[in-house]
Amino acid sequence: VELGGRNRAAAALIGKLLRGLPEEDWKIIAWPEFIEWNKKNEPPLTDRVLLTTYNSICRAEKAQRIVKNFPQKQEVKPIKEFSFISHRELYEKNFPPLEWIIEGLIPKGGITAISATPGSYKSYLVLYIAVMASLGKDFLGIMPMTKNGILYIDEENGDRLLHQRILTLKEKDLPIYYSIFNDFKFSEQLIDTLIAKMKEKDLHLVIFDSFVRFLDGLVHNENDSAKMADVFRLLKKFNQNDITVIFLHHHRKENGAAKSSNNDLMRGSSDLLAMVNCHIVLDNQDGIITVTQNKLRDAKKIEPFNIQVNESENTGEVTFTYCQLSEYEIMGRDAEGQRLVTNILRDKRAFDSESAMSKEEIYLGLKGQTSQKKINALTTFLAKENIIKESYMKAGEKGGSKKVYFLTEVMKL
């Protein structure tokens with residue numbers, strides 16, 4: 001921004017950033033973006049002016065939120081007409097086969113959350129999914145997809161970055177439409193308008209990138225389960241009109257060295273996980289993305305798998321290749337299973353070879369919380385990683401022995 005318009009532009013920008021974020025994210029998201037924006041000014045605003053503008057808009061935004069959240073007299077809505085279904089009717093009811101956007105991975109007609117940390121290729125991968133879905137081609141060459149027209153609503157990346165990525169995917173004429181940086185916020189009016197426009201163009205898949213950007217900070221707080229219930233009520237209107245919803249979401253920051261369970265990864269209220277039909281977790285390690293289907297409401301979850309990201313240095317073309325995980329890799333990413341095994345050893349005070357537990361004893365101690373097969377794999381993984389120790393104990397009077405496990409010194413704490 002040139003000299004003369006910087007202060008006005010600064011106030012407008014920080015106001016927009018704050019409105020779309022919960023207050024706890026202002027310093028970690030809005031402030032760094034504000035600083036980066038200022039570096040592009042000719043000349044930049046001084047640090048003092050920048051901080052004064054930021055603090056002033058913060059105070060104004062806080063005041064507006066207090067007024068907005070002040071309890072209002074609520075209208076008592078009449079109870080809608082309803083009916084019961086008998087046990088026999090439900091027992092005898094025939095349901096059509098489950099339909100898929102990506103067979104086995106993303107169900108058609110529901111709400112799917114795809115979550116990851118920054119730099120995990122989530123936006124890129126979802127754009128690839130959109131391209132493959134618009135063509136009706138197999139995802140990664142192995143998973144059949146239903147052909148769909150798509151609306152991609154971007155409040156995260158911008159048209160320049162999306163343009164660059166589209167060029168690398170090498171497809172031009174597709175039934176995909178984009179809404180880019182229109183400052184959309186979830187509301188009854190917006191959802192109804194989007195549904196009407198999607199029907200006009202025969203589009204049956206909508207993608208929101210990313211979820212937090214569509215929350216009005218004055219109304220919808222991602223940590224408030226009641227507010228999130230309102231948002232999901234709106235999103236389900238898409239499903240009622242034969243439109244599948246996919247939204248991208250960020251992971252919360254890890255606290256300490258302990259790895260969070262997949263159930264605790266998504267930012268915001270824990271009810272987010274309860275409300276979606278499907279939750280997919282992406283974990284990028286040096287260009288290898290592990291895809292874990294953490295939740296699937298209406299079918300059996302598939303095993304995690306890897307996606308290799310391939311980027312040509314000459315052309316910039318990006319491709320994604322399917323790679324199956326080894327059992328060892330799967331156990332390494334099963335933080336919840338690892339916790340179950342180490343906790344039962346700690347609870348039973350299995351601290352040395354004399355008090356160690358066998359795989360069967362661990363399984364019985366967990367009372368069906370996981371399978372015997374998974375216990376076998378988890379104990380093998382944890383022993384190789386020196387998280388637990390493996391030993392042998394005499395089994396029976398014939399001189400046989402069995403493997404037993406106990407905690408290392410570090411894990412006793």
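In which hand does helix H5 pass helix H6 in their crossing? I shall return to that shortly, after a word on the model.

This is a predicted model, in which local features need pLDDT of at least 70 and side-chain atom pairs count only at pLDDT 80 or more, while totals for chains, interfaces and linings use all residues. Residues are numbered from 1 along each chain as its sequence is written, and side-chain values use heavy atoms, with hydrogens and water left out. Helices (H or I, at least four residues) and strands (E, at least two) are DSSP runs, numbered from the N terminus.

To the opening question, then: H5 passes H6 in a right-handed crossing. A crossing is right-handed if the near helix is turned clockwise from the far one by less than a right angle, and left-handed if anticlockwise. The axes of H5 (residues 122-135) and H6 (residues 159-169) come within 11 Å and cross at roughly 55°. That makes H5 oblique to H6; angles under 35 degrees count as roughly parallel, over 145 as roughly antiparallel, 65 to 115 as roughly perpendicular and the rest as oblique. The axes are lines fitted to C-alpha atoms, for helices over the stretch in contact, and the angles run from 0 to 180 degrees between N-to-C directions. On the H5 side, the contact (heavy atoms within 4.5 Å) is made by Ser123, Tyr124, Leu127, Tyr128 and Val131. H6 contributes Leu162, Arg165, Ile166, Thr168 and Leu169. By class, there are seven nonpolar, two polar and one charged residues in this contact of H5 with H6. Here Ala, Val, Leu, Ile, Met, Phe, Trp, Tyr, Cys and Pro count as nonpolar, Asp, Glu, Lys and Arg as charged, and the others, Gly among them, as polar.

A second helix pair is found at H1 (residues 6-19) and H2 (residues 26-39), whose axes come within 10 Å and cross at roughly 155°. H1 is therefore roughly antiparallel to H2, and their crossing is right-handed. Arg6, Ala9, Ala10, Leu13, Ile14, Leu17 and Leu18 of H1 meet Trp26, Ala30, Glu33, Phe34 and Trp37 of H2. By class, this contact of H1 with H2 has 10 nonpolar, no polar and two charged residues.

I turn now to the sheets. One is an open sheet of nine strands with mixed pairing, in the order S5-S4-S6-S7-S3-S8-S9-S10-S11. Two strands pair if DSSP finds at least two bridges between them. At the edges are S5 (176-180) and S11 (318-324), each of which pairs on one side only. Neighbouring strands of this sheet are turned by 20° against each other on average, direction ignored.

How is S6 placed within the structure, enclosed or not? Five of the five residues of S6 are buried, so this strand is largely enclosed by the rest of the structure; buried means under 20% relative accessible area, exposed over 50%, and partly exposed in between, with a 1.4 Å probe and protein chains only. Leu205, Ile207 and Asp209 point one way from S6, and Val206 and Phe208 the other way. S4 and S6 pair in the parallel sense over five bridges, with Ile150 opposite Leu205 in S6. S6 also runs parallel to S7, joined by four bridges, and the partner of Ile207 in S7 is Ile246. S4 (residues 150-154) pairs with S5 in the parallel sense over five bridges, and Asp154 stands opposite Ile180 in S5. H5 lies across several strands, including S4, S5 and S6, and runs at about 160° to S4.

The other sheet is open and antiparallel, with three strands in the order S12-S14-S13. S12 and S13 (388-395) stand at its edges, each with a single partner strand, so one side of each is left without a neighbour in the sheet. S13 and S14 (residues 400-407) pair over eight bridges in the antiparallel sense, and Tyr392 has Lys403 in S14 as its bridge partner. H11 lies across S12, S13 and S14, at about 95° to S14, while H13 (residues 372-384) lies across S13 and S14, at about 120° to S13.

Finally, Ala350 is found in the loop between H11 (335-347) and S12 (357-358). Ala350 is buried, with a relative accessible area of 0%. Ala350 and Phe406 are 56 residues apart in sequence, yet 4.9 Å apart in space, C-alpha to C-alpha. Leaving aside its neighbours within four places in sequence, Ala350 is in contact with Leu345, Ser355, Ala356, Met357, Tyr405, Phe406 and Leu407.
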